[in-house]
Structure formats: C-alpha cells, structure tokens
Amino acid sequence: SFTLETSKLGVFRLAKDRLQRLELISELSNRGYSNTEISNFLNLNRIRTIRTNQPYSPKLIWLSLKKYRDRLARFRRDKILSIKERLEVGFLKNYS
C-alpha cells in the first residue's frame, strides 16, 4: 500500500475553447510577448473574453497567465508520502 498526497481533486476540466485560449496566451508569453502585446494581439484579432465578451486588458492577461500557471503547477505537485511492502512466505505441502 502507499499514501499519495495530491491537489488534483480541486482541478476541474476546462472547456476546449477556454483551454485553447489559455494555451495561446501562454505560448505568446513564452515567446517573449508582454502582457500589453498579448492583449493587443487578441483585441486586433477580435478575440474577446469568453465570459463577459469584453476586450482584453494587460491586467487580465497577467491574471489569466498566473491562474493558468498555478493550475499547471497543481498537476506536478503530487507526492508519494509512504510505501509499505509486505512479504509473506509460506510452505506448500507436496501431495503425491
């Protein structure tokens, strides 16, 4: 038996379009785009926020990135706390 500590139970699935948008924002950030440049890119391409249908602001990009990175970190935080192994030895009777 083993004991596992996880924080995945508090992680919910995201809708496909929401996840794609977060991956796009993350990819642009990883390529060196600033929050202002990312918000300008999304707004120029008429990509609006999913829930409120508003234009993106640099502050919203920053918060979205922070929450997305925290979410990804929760997936990597699992720890095995203990492992218990047991060995049993027995004798078999030889029936002839």
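The following legends describe close-up views of a predicted model.

**Figure 1. Overview of the chain and its elements.** The predicted chain holds 3 helices and 2 strands. Read from the N terminus, these elements follow the order β-α-α-α-β. The chain has 96 residues, and 18% of them are buried. Of the contacts between residues at least 6 apart in sequence, 65% link residues at least 24 apart.

**Figure 2. Helix α1 and its buried side.** The 15 residues of α1 should span 21 Å at 1.5 Å a residue, and the C-alpha atoms at the two ends are 21 Å apart, in agreement with that value. Arg 21, Leu 22, Ile 25, Ser 26, Leu 28 and Ser 29 are the buried residues of this helix. These residues cover an arc of only 165 degrees around the axis, so they lie on the same side of α1. An α-helix has 3.6 residues a turn, so residues three or four places apart point the same way. The cover over the buried residues of α1 includes α2 and α3. Lys 16 and Asn 30, on the other side of α1, are exposed. Gly 32 follows α1 and has a positive phi, near 105 degrees.

**Figure 3. The crossing of α1 and α3.** Helix α1 comprises residues 16–30 and helix α3 residues 58–75. Their axes come within 10 Å and cross at roughly 105 degrees. Because angles of 65 to 115 degrees count as roughly perpendicular, α1 and α3 are described as roughly perpendicular to each other. On the α1 side, the contact is made by Leu 19, Leu 22, Glu 23, Ile 25, Ser 26, Ser 29 and Asn 30. On the α3 side, Ile 61, Ser 64, Leu 65, Tyr 68 and Arg 69 take part. By class, the residues of this contact of α1 with α3 are 6 nonpolar, 4 polar and 2 charged. Leu 22, Ile 25, Ser 26 and Ser 29 of the contact are also among the buried residues of α1. Asn 30, which takes part in the contact, is exposed.

**Figure 4. The crossing of α2 and α3.** The axes of α2 and α3 come within 8 Å, with a crossing angle of roughly 105 degrees. The two helices are therefore roughly perpendicular to each other. From α2, Asn 35, Thr 36, Ile 38, Ser 39 and Leu 42 meet Pro 58, Ile 61, Trp 62 and Leu 65 of α3. The contact of α2 with α3 has 6 nonpolar and 3 polar residues, and no charged residues. Ile 61 and Leu 65 of α3 take part in this contact and also in the contact with α1.

**Figure 5. The buried face of α2.** Ile 38, Ser 39 and Leu 42 are the buried residues of α2. Seen down the helix axis, they fall within an arc of 95 degrees, and so line one face of α2. Helices α1 and α3 are included in what covers these buried residues. Ile 38, Ser 39 and Leu 42 also appear in the contact of α2 with α3.

**Figure 6. The surroundings of Ser 39.** Ser 39 is a residue of helix α2, which runs over residues 35–44. Its relative accessible area is 2%, so Ser 39 is buried. Apart from neighbours within four places in sequence, Ser 39 is in contact with Tyr 56, Ser 57, Pro 58 and Ile 61. Pro 58 and Ile 61 belong to α3, whereas Ser 57 is found in the loop between α2 and α3.

**Figure 7. The loop between α2 and α3.** Arg 46 lies in this loop and takes a positive phi of about 55 degrees just after α2. Arg 46 is a residue other than glycine. With a relative accessible area of 76%, Arg 46 is exposed. Asn 53 lies in the loop between α2 and α3, and its phi is also positive, near 55 degrees, in a residue other than glycine. Ser 57, found in the loop between α2 and α3, counts as partly exposed at 31% relative accessibility. The C-alpha atom of Ser 57 is separated by 8.1 Å from that of Asn 40, with the two residues 17 apart along the chain.

Notes:
Residues numbered from 1 in each chain as written. Predicted model: local features only at pLDDT ≥ 70, side-chain atom pairs only at ≥ 80, totals over all residues. Heavy atoms only, no water. Axes fitted to C-alpha atoms, helices over the stretch in contact; angles between N-to-C directions. Helix = DSSP H or I, 4+ residues; strand = E, 2+ residues; numbered from the N terminus. Parallel < 35°, antiparallel > 145°, perpendicular 65-115°, else oblique. Contact = heavy atoms within 4.5 Å. Nonpolar A, V, L, I, M, F, W, Y, C, P; charged D, E, K, R; others polar. Buried < 20%, exposed > 50% of the residue type's maximum accessible area, 1.4 Å probe, protein only. Expected span 1.5 Å × (residues − 1). Arc of directions from axis to C-beta.
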